[in-house]
Amino acid sequence: MSGKGGELNPRPSRFSWPLLSAVLLLMTVSCAFVHSSTLGDGGTTAKQMVWFTVGLVGAVSLCLVDYHILARWAWVGYWGAILLLLLVMVIGVDRNGARRWIELGPFQFQPSEFAKLAVTMALAQFLSRPLEELRLTNVVFKTLGIVLLPFVLILKEPDLGSAIVLVPTMLAMMFVAGVPVRMLARIVGLAVVVGGLLVADVLFAPEKFRLLKLKEYQRHRLMVYFGKDFAPKNATPEQRAYYRELQRQKAWNVQQALISVGSGGLTGKGWRQGTQNALGYLPRLGAHNDFIFSVIAEESGFVGSILVVGLYTVVLFSGLKIAGQARDRLGRLLATGVVGLWFTHVFINVGMNIGLMPVTGIPLPLLSYGGSAAVCALLAMGLLQNVHLYRRSY
Amino acid sequence: MLIIDQLQKDDARLRVVAVVVLVGLLVLAGGLWRLQVMAAHRYARSEEAQSVRLVRVPAVRGKILDRNGIALAENRPSYDVNLYVEELRSSFAHEYTNQVLPNFRAQQAQNPALKVATTAETRRWWQVFSRKSRTKSGQRLTLEQRRDLQESARVAVYSNTVQAVGQSLGRPLAVSSERFLKHYRQDLALPLPVAENLTPTQMALFFERCLGIPGVDLEVQAIRSYPFGSLAAHVLGHLQRADEADNDPDPLVFRYRLRDYQGVAGLEARFDEALRGRAGVKALRVNSQGYRHQESILQPTEPGRSVRLTLDLEIQSAAERALAQVAGSSTRGAAVVMDVRSGDLLALVSAPAFDPNEFLGGMTPEEFARLNDAKLRPQMNRAVSGAYAPGSIFKIIVGLAALESGVLDPRESHHYLGYWPLPGNARSIDDTAPAGDYDFKRAFKRSSNAYFIDHGIKTGRSRIVAMARRFGLGQKTGVPIGPEVSGFLPDDDYVAELKDRRDPWTEGDTAHLSIGQGALTVTPLQMAVMTAAVANGGRVLEPRLIQEVEAGAGEVSPVPPSFPRRDAGVPMRYLDLIRAAMLADVEEVEGTGREAAVPGFGVCGKTGTAEVKQGRILVDKITWFVAFAPYESPRYAVVVVVESGGSGGHTSAPVARKIFEVIRRREAGVPSAPVVPKGSRAGVAAGVVADGTWAVAERQEGGRP
């Protein structure tokens, strides 16, 4: 399976250099634009650098141990993550109506970020069983169960975005693991139908018939995305005016992100020259994390945004290559999981910044400011490198 | 596809994943292309629309100068204290956290009802364990409360700042929270004026004490000013506030317009476009809350061009002063001084006048009532808009018509009764000249009605009217201020119309016409043109008021000197006769205009007293004096008309004399009392007109060591 490369290449590289360089470049871009989007607040940038250092140390440590050994601890990680997700409900810090963080002295820790990685590892471990077993319905159901538990817990925080991320990752891993397409198609079909019904329910059903008890702001984000009028049909003119204003406010972030990206034009306004963030049109709390792509796009233009997308392309395809070269199904699934996780993040986050996706609070891997996210993104990269490193040691 | 081919061939499922990833990334790239390349302009525009406010900045208005370059209308600096609200943001925050919020909490503690309202959020059971979240949600303010408290913090900072400035300047300043809140809502990106028109002392105090107050700064603004108050007010006209969007021809859409004015009367209106210049455009970049972030000038203003007049400040002020001596501020009348060679108007006076400065600021109700007084009508320019019966000054025209038609032999003497009996049983026409023998000269200087009626009837209406028309009567002179009226001549159309009305023109009407009464009106300016034509040998000039309009970049486009509109075509010997008679009217014993005599200057004139009757009752008198001087080489024509005067000789002739005296002094190079601007306050000028004296010059002289 993997002997081919060795025979043609007497000294195969131990590291995946393209992957490593893309990651380092992304970290540099991150520092530059976290600095820009916090209006030159050196403290935030320095903290981000600290997180990167922590993440790099973690990633290197991960590389020291063969992923087979790591995978044995996958279930410990999984249940640990579940425990943390339960804990965050109790002792979590309330911010804007969501409890996603656990306070650890001066730092805040976001269990859902680690949960994503833990679930990926657990799934890889679970799905790396013999191919025949994957055709069994109960194995498939178990797989779904592994994802459903953290999914529901994260959804409860509420953090719709992070929960949603698990679904494509799971599907990709099941597909690559060899779960029959027929079964997957059913799962996807069911998910689409249920999801569509839920969205329709959220958008159109009167209050008392709503099955999904979304937070009001989540419902508004969906309504903005689907372009639905906020005002009920039988609203009085005053109510209509109120709802119009509400809609304007709720669509504000999306609109401002679009204006940022669009007004960047081909070459951008220059580093730290963007006005949308400096003048406070972009959400002040989101500009350096969820909306950092808007800042990058505004200040570096189409050229810069395509370069960023290009860096992600390098990471994702290096990951897929690593998956293809992995020595066994575990490695292959781990690599696929990481790729799925990153791709989903990139697609949803960039898509949200350019109006293709509804607003959900998920970070852009390695670019957004945030300790848990940065460390987890680097740990994921460490896993990839691990699979690459140990691809030929039998 | 290179990258996908690198994957192992047998790995079909991984390749599917790779394709999905690639498609996803291409979708993102496509989206970016659409936004950043295809729609970049649109988004750049909306970015600008939300963060850039265009401000229309009016240009500095051009000056209006007299013939010697003295400014009659200029711009003075007004020093205003402005509040830059965006610089107070940290003060707002400080006030909120240190004053307003603690106060509110204290109130809350005393009033439990308030507290209940704020702890509406119910707690979940596990929050009991978390001390932190409990305290946080326990006292959370509602959005409305927070907004109200922030607003009161801003109002507090505003009023504290304004009070601090007021105290430093030693001048109580108006603090209006409504005004501040309105400004905050609508004009946040602009500075908020808190004190206008600082005196030099206040400016010194400002620099000494106010520089430490945050958000406060001094700004200079150009304000239109008429340094001589009401001088030449009717010529200059006045301005009116005009910064509303609807009278702006500019296609640019402005969010804000700074204070601007538009000329609505006189030359300010006639030359508004040149004087106004071109407004500039300033771009303010504002943040998401509307605070000013930075500003840049997109288009600089183009200052207005200056207009130089033919008026002579000294003669104009002498004429105004002389006219005002008749009846003080209630004098109604006009005076015109014209150069008979060039047509240059040296003075154009209408009384009573107004002070154009008053139109700039707020006007008191008294000032407003006076401006609109039905009898005084200060806004009317009587020199060009006043149509009066000419009375005996029309005898110049009648005399010329009679001479030209040959019915009048100037040497021939006739005996008259001292009145003129009208045919039928109509009342006879009175005569101020007693019964006796009259030749042309004596009849002219005694202003004998009987003599001129006799010859007027012999000449006939149509020849008199034709002569009047040749001297420009019944037509507008074309002077660039208005509204100019053309006066009235009983021409053939009018007579035909009378006939249709079965009220035909009679010999009695011709008799009235011969002495300048009846269906006949003229304007003082027309009389000046006529007098000048008599003086200069028959050239009917177009009165010239504008010498030059400064073209862009300091160049000037001179208005060519007046050219004769036409020659009256009267033989010189007849004009000589009239001139000699006019000289006799002033200089000889029996003359009615003796009070206009300036020894050695050869003033030639004709008095006129037109009676305004309603039915048979005399309601008013229009007293005229038309003159030119010197007799030998005529240079100046002076026309004075006073409404409700006594007689032309006693009321108007002395006014003309005073004007001629100043002109003569000026020609001789004798320095007269300089006309100096009255302080910058509008009220001073009004006071001067009110007591009928030209006080400031004297006051200055008295004040000199």
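Two strands count as paired if DSSP finds at least two bridges between them. The model on screen is predicted, and this tour starts with strand pairs in chain B.

**Stop 1: the strands around β3(B)**

Select residues 192-195 of chain B, which are strand β4, together with β3(B); three bridges join the two, and they run antiparallel. Within that pair, B:L83 has B:L192 of β4(B) as its bridge partner.

Keep β3(B), residues 71-83, and add β2(B), residues 64-65: these strands are also antiparallel, with two bridges between them. Here B:I64 is placed opposite B:A73 of β3(B). Five residues separate β2(B) from β3(B) in a hairpin, and B:G69 in the turn has a positive phi of about 85 degrees.

Now add β5(B), residues 216-225. Ten bridges link β5(B) to β3(B), again in the antiparallel sense. To find the register, label B:N82 and B:D217, since B:D217 of β5(B) is the residue that B:N82 stands opposite.

**Stop 2: a four-strand sheet**

Next, show β7, β1, β9 and β10 of chain B. They form an open sheet in the order β7-β1-β9-β10, with mixed pairing. At the edges are β7 (256-257) and β10 (292-299) of chain B, each of which pairs on one side only.

Zoom in on β9(B), residues 280-286, beside β10(B): six bridges join these antiparallel strands. Pick B:K282 and its bridge partner in β10(B), B:I297.

**Stop 3: helix α22(B)**

Select residues 524-536 of chain B. This is helix α22, with 13 residues, and the distance from its first C-alpha to its last is 18 Å, close to the 18 Å expected at 1.5 Å a residue. Is the helix enclosed by the rest of the structure, or open? Largely enclosed, because 13 of the 13 residues of α22(B) are buried. Step past the end of α22(B) to B:G537, which follows the helix and has a positive phi, near 95 degrees.

**Stop 4: the largest nonpolar core**

Leave α22(B) visible and show B:A335, B:V336, B:V337 and B:I659. The largest nonpolar core has 127 residues, and these four touch the most other members. Which element gives the largest share of this core? It is α22(B), with nine residues. Colour domain 1 (54-308) and domain 2 (313-547 + 561-672) of chain B separately: both give residues to the core, so the core lies between them.

For a closer view, centre on B:V337. Not counting residues up to four places away in sequence, B:V337 touches B:I315, B:A319, B:L346, B:A347, B:Y636, B:V638 and B:I659. Another core, of 112 residues, lies apart from this one; its members include A:V23, A:A172, A:V338 and A:L341.

**Stop 5: chain A**

Those last residues lead to chain A, so show that chain by itself.

Chain A has 15 helices and three strands. Of its 394 residues, 47% count as buried. Among contacts in chain A with a separation of 6 or more, 71% are between residues 24 or more positions apart.

**Stop 6: where the chains meet**

Finally, bring both chains back. The contact involves 39 residues of chain B and 42 residues of chain A. On the chain B side, select α1 (2-6), α2 (12-38), α3 (40-51) and α6 (131-138), the elements that give two or more residues to the side touching chain A. Of these, α2(B) gives the most, with 15 residues. Colour the chain B side by class to see 19 nonpolar, 14 polar and six charged residues.

How values were computed: Residues numbered from 1 in each chain as written. Chains lettered and ligands numbered in written order. Predicted model: local features only at pLDDT ≥ 70, side-chain atom pairs only at ≥ 80, totals over all residues. Contact = placed C-beta atoms within 7 Å. Nonpolar A, V, L, I, M, F, W, Y, C, P; charged D, E, K, R; others polar. Expected span 1.5 Å × (residues − 1). Buried ≥ 20, exposed ≤ 12 C-beta atoms within 10 Å, placed from the backbone. Core = buried A, V, L, I, M, F, W, Y, C linked by C-beta atoms within 7 Å. Domains from an automatic or database assignment.
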